[in-house]
Structure formats: structure tokens, C-alpha cells
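Okay everyone, thanks for coming. Have a look at the sequence and the structure on the screen, and then I'll walk you through what I found.

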Amino acid sequence: MEPLLPKLGGKPRVDDRRVLSGILHRFREGLRWRALPEAYGPRTTVFNRFNRWSQRGLWQEIFAALVACAV
């Protein structure tokens, strides 16, 4: 999945793996964004990445890649 994640320069980012785990945890547990445990990084970062990745269509690419691996 790493090749699918955006590579941006500048300020050091919160680890994409932590953020991805936080997004999955949020939906799996049915939490509000503000109830997300701090272990996943700042909740605003997790939400903003989810939102940006959704707008870019990144989730469709990730799920297509996972399906291709399963076949």
C-alpha cells in the first residue's frame, strides 16, 4: 500500500501507518472523530488525511489493490 500513499515534502508527517490504523479503528468501532484514541496521532490529522484521501479517490485505489492481491 505504501506506493499508493501520497508523498509530500516539507514538514515531517505523522506516520501514515498510524493514521491508517486510526481511520480503520474509527470506522470499525463506530467512534466519532473526537473519540479517537491519541495512540493514532492527532485526531485532526487523522480526519484531514481521511478527507483528503477520499477526495483524491485514494481509497478506491487501495481497495482495488487489495482485491488484486487476493485473486
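**A walk through the helices**

Let's start at one residue: Phe47 sits in helix H2. Is Phe47 buried or exposed? Neither, quite: Phe47 is partly exposed, because its relative accessible area is 33%. Keep Phe47 in mind, and Arg26 with it. Those two are 21 residues apart in sequence, and their C-alpha atoms are 9.9 Å apart in space.

Before I go on, one thing to remember: this is a predicted model.

Now let's zoom out. How many helices and strands does the protein chain have? There are 3 helices and 0 strands, and the pattern along the sequence reads α-α-α. The chain has 71 residues, and 30% of them count as buried. Here's another way to look at the fold. Take the contacts between residues at least 6 apart in sequence: 47% of those join residues at least 24 apart.

Okay, on to how helices pack. Two packed helices are described by the angle between their axes and the distance between the axes. For helix H1, residues 16–29, and helix H2, residues 43–56, the axes come within 9 Å and cross at roughly 85°. So H1 is roughly perpendicular to H2. Which residues make that contact? From H1 we have Asp16, Val19, Leu20, Gly22, Ile23 and Phe27. From H2 we have Thr45, Val46, Arg49, Phe50 and Trp53. Sort the residues of this contact by type and you get 7 nonpolar, 2 polar and 2 charged.

Two names from that contact, Asp16 and Arg49, come back in the next part. Searching the whole structure turns up 3 salt bridges. In one of them, Asp16 pairs with Arg49, and the closest N and O atoms are 2.7 Å apart. Asp16 belongs to helix H1 and Arg49 to helix H2, so this pair ties together parts that are 33 residues apart in sequence. And are these two buried or exposed? Asp16 is buried, and Arg49 is buried too.

Next, Asp15 and Arg17. They form a salt bridge whose closest N and O atoms are 3.5 Å apart. Asp15 is partly exposed, with a relative accessible area of 33%, while Arg17 is exposed at 64%. Then there's Arg28, whose side chain meets that of Glu29 in a salt bridge, at 3.7 Å from N to O. Arg28 counts as exposed, because its relative accessibility is 60%. Glu29 is partly exposed, with a relative accessible area of 45%.

Let's go inside now. In soluble globular proteins, nonpolar side chains tend to be buried together. What makes up the largest nonpolar core here? The core has 12 residues in all: Leu5, Val19, Leu20, Ile23, Trp33, Leu36, Tyr40, Val46, Trp53, Leu58, Trp59 and Ile62. H1, H2 and helix H3, which is 58–70, each supply at least two residues of this core.

One core residue I'd like you to click on is Trp33. Where is Trp33? In the loop between H1 and H2. Trp33 has a relative accessible area of 16%, so it counts as buried. If we skip residues up to four places away in sequence, Trp33 touches Ile23, Arg26, Phe27, Arg43, Val46, Phe47 and Phe50. Yes, that list includes Phe47 and Arg26, the pair from the start of my talk. Trp33 and Thr44 are 11 residues apart in sequence, and 8.0 Å apart in space from C-alpha to C-alpha.

Two last stops. Pro42 is also a residue of the loop between H1 and H2. Pro42 is partly exposed, with a relative accessible area of 40%. Its C-alpha atom is separated by 8.6 Å from that of Val14, 28 residues apart along the chain. Arg13 is in the segment before H1, and it counts as partly exposed because its relative accessibility is 31%. How far is Arg13 from Thr45? They are 32 residues apart along the chain, with 9.3 Å between their C-alpha atoms.

If you take one picture home, take this: H1 and H2 crossing at roughly 85°, with the Asp16 and Arg49 salt bridge tying parts of the two helices together. Okay, who wants to turn the model around on the screen?

Key
Residues numbered from 1 in each chain as written. Predicted model: local features only at pLDDT ≥ 70, side-chain atom pairs only at ≥ 80, totals over all residues. Heavy atoms only, no water. Axes fitted to C-alpha atoms, helices over the stretch in contact; angles between N-to-C directions. Helix = DSSP H or I, 4+ residues; strand = E, 2+ residues; numbered from the N terminus. Parallel < 35°, antiparallel > 145°, perpendicular 65-115°, else oblique. Contact = heavy atoms within 4.5 Å. Nonpolar A, V, L, I, M, F, W, Y, C, P; charged D, E, K, R; others polar. Salt bridge = Lys/Arg side-chain N within 4 Å of Asp/Glu carboxyl O. Buried < 20%, exposed > 50% of the residue type's maximum accessible area, 1.4 Å probe, protein only. Core = buried A, V, L, I, M, F, W, Y, C linked by side-chain atoms within 4.5 Å.
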